[in-house]
Amino acid sequence: MTEKEKSITYKASGVDIDTGNEFVKKLPSIVNSTFDKNVIDGIGDFAGLYSLENENLSNPVLVSACDGIGTKIKLAIDMENYSGIGQDLVAMNINDLICTGAKPLFFLDYLSMSKLNINKHSKVIESIVSACKKAKVSLIGGETAEMPGIYSQDDFDLAGFAVGIVDRLKKLPIEIIPGDLIYGLPSSGPHSNGFTLIRKLLEQEDKNNVADLKKSLIKPTRLYSGFAQDPTILNICSGFAHITGGGILDNLPRIFKNGLTAKIQLNSWDIPRSLKWAIKSARLSSNQALQTFNCGIGFVAIVPANKCKNFEIQSKKINKQVIKIGEIVLGNQIEFEGSLNLD
């Protein structure tokens, strides 16, 4: 075979199967620690198997969620900080899933990049594993894909898939009525939303401030499964809302029936420093801020007025901070009173 006739291998095209196989062989030592008694076989099969024989529900319904972490991943890549993006990925899925009252069962991840780096991308998987343990879900499978030409240099992306289970008769939200109280749980910062705007703002920021800002912005998305899976909290609440992309303005109405809305006291909670900076730097109006960012509230619980005392007692007992931020009223558009605490 002449020089011109030499084969063009997959490796020469940019995909190294041997490196991929080496990466896959390393995964069980990282991932198996998330397994519970329902996991069958484990990593390596064509599909993950999970038994439901231990879930004793009279009317079981499977619940699923799929999400990523958006362009926050660019910040993690630039900082070479992968310790929190696994929690971002898991939380963005699990925080959606638990809004139905579901118990999270298992998780799958999708990791794609230009070129697989075993050391770096193992750290990404380790961060996902750490978050799965916190959320008490099993990481039973996933996909790793080298895609040169789609991604360049050190770029990579993440997506996640979560599955849970709930009794159909106990699925949230249940009846929400005027007079119910709205409680917010604090966020750690922007979580995984608004980073396309944030990264643009960082480009315009004084270089002396950028390093500290990035440290505060990279904080991982807070997991709310410990709160929403507490049996007493579940028994008390009428509904949950994850304040994710679209903020309070778009996410809270998702659990209301027609004719119901919320009256929110904007000055009832504090806003993390990173979000204050982003809102003020972008010169956003209150409505723009409330639709772009979580503005300091990452999760919302709806509580009947006659159960609020027990709710506050139980929240304190399980060491979860809750803040009364409003109430349910008649109407079709969220009402805001006061101003965001930006000073």
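Is F106 buried or exposed? F106 is buried, because its relative accessible area is 14%, and buried here means under 20%. Keep in mind while reading on that this is a predicted model.

**Aromatic contacts**

Let's stay with F106 for a moment and look at its neighbourhood. Searching the whole structure turns up eight aromatic pairs. In one of them, Y50 and F106 come together in a tilted arrangement, with 5.1 Å from centre to centre and 45° between the planes. This pair joins distant parts of the chain: Y50 belongs to strand β2 (residues 49-50) and F106 to strand β4 (residues 103-113), 56 residues apart. Y50 is buried as well, since its relative accessible area is 14%.

Rings also gather elsewhere in the model. Y183, Y224, F227, F240, F299 and F311 are linked into a cluster by ring pairs.

**Salt bridges**

Now to the charged side chains. Side chains of opposite charge can pair when their charged atoms come close. The whole structure holds four salt bridges, and the table lists three of them, including the separation of the closest N and O atoms.

| Salt bridge | N to O distance |
|---|---|
| E55 and K103 | 3.2 Å |
| D88 and K72 | 3.0 Å |
| K74 and D155 | 3.2 Å |

Consider the bridge between E55 and K103, at 3.2 Å. E55 sits in the loop between β2 and β3 (60-68) while K103 is in strand β4, so this bridge ties together parts that are 48 residues apart in sequence. The two partners can be compared by their cover: E55 is buried, with a relative accessible area of 15%, whereas K103 is partly exposed, at 38%.

The bridge between D88 and K72 has an N to O distance of 3.0 Å. It links distant parts of the chain, with D88 in helix α4 (residues 85-97) and K72 in helix α3 (residues 72-79), 16 residues apart. Both D88 and K72 are buried.

Helix α3 also takes part in another bridge, in which the closest N and O atoms of K74 and D155 are 3.2 Å apart. Here K74 lies in helix α3 and D155 in the loop between β5 and β6, with their positions 81 residues apart in the chain. K74 counts as partly exposed because its relative accessibility is 27%, and D155 is likewise partly exposed, with a relative accessible area of 22%.

**A loop glycine**

The loop that holds D155 is also the place of G149, between β5 (138-146) and β6 (156-167). Why does G149 count as exposed? The reason is its relative accessible area of 74%, because exposed means over 50%. The C-alpha atoms of G149 and M113 are separated by 9.7 Å, and these residues are 36 apart along the chain.

**Positive charge on the surface**

Which residues gather in a patch of positive charge on the surface? They are K219, R222, R273 and K320. Of these, R222 can be placed in the loop between α7 (207-217) and α8 (225-228). R222 is partly exposed, with a relative accessible area of 35%. That value lets R222 join the patch, because patches are made of residues with over 30% relative accessible area and no salt bridge.

How values were computed. Residues are numbered from 1 along each chain as its sequence is written. This is a predicted model: local features need pLDDT of at least 70, side-chain atom pairs count only at pLDDT 80 or more; totals for chains, interfaces and linings use all residues. Side-chain values use heavy atoms; hydrogens and water are left out. Patches are made of residues with over 30% relative accessible area and no salt bridge: like charges are joined within 9 Å, nonpolar side chains (Val, Leu, Ile, Met, Phe, Trp, Tyr) within 5 Å. Accessible areas come from the Shrake-Rupley method with a 1.4 Å probe; for residues, only the protein chains shown count as cover. A salt bridge is a side-chain nitrogen of Lys or Arg within 4 Å of a carboxyl oxygen of Asp or Glu. Lys and Arg count as positive and Asp and Glu as negative; His and the chain ends are not counted. The place of a charge is taken as NZ of Lys, CZ of Arg, CG of Asp or CD of Glu. Helices (H or I, at least four residues) and strands (E, at least two) are DSSP runs, numbered from the N terminus. Buried means under 20% relative accessible area, exposed over 50%, partly exposed in between (1.4 Å probe, protein chains only). Rings of Phe, Tyr and Trp (its six-membered ring) pair if their centres lie within 6.5 Å; planes under 30 degrees apart count as stacked, over 60 as edge-to-face and the rest as tilted.
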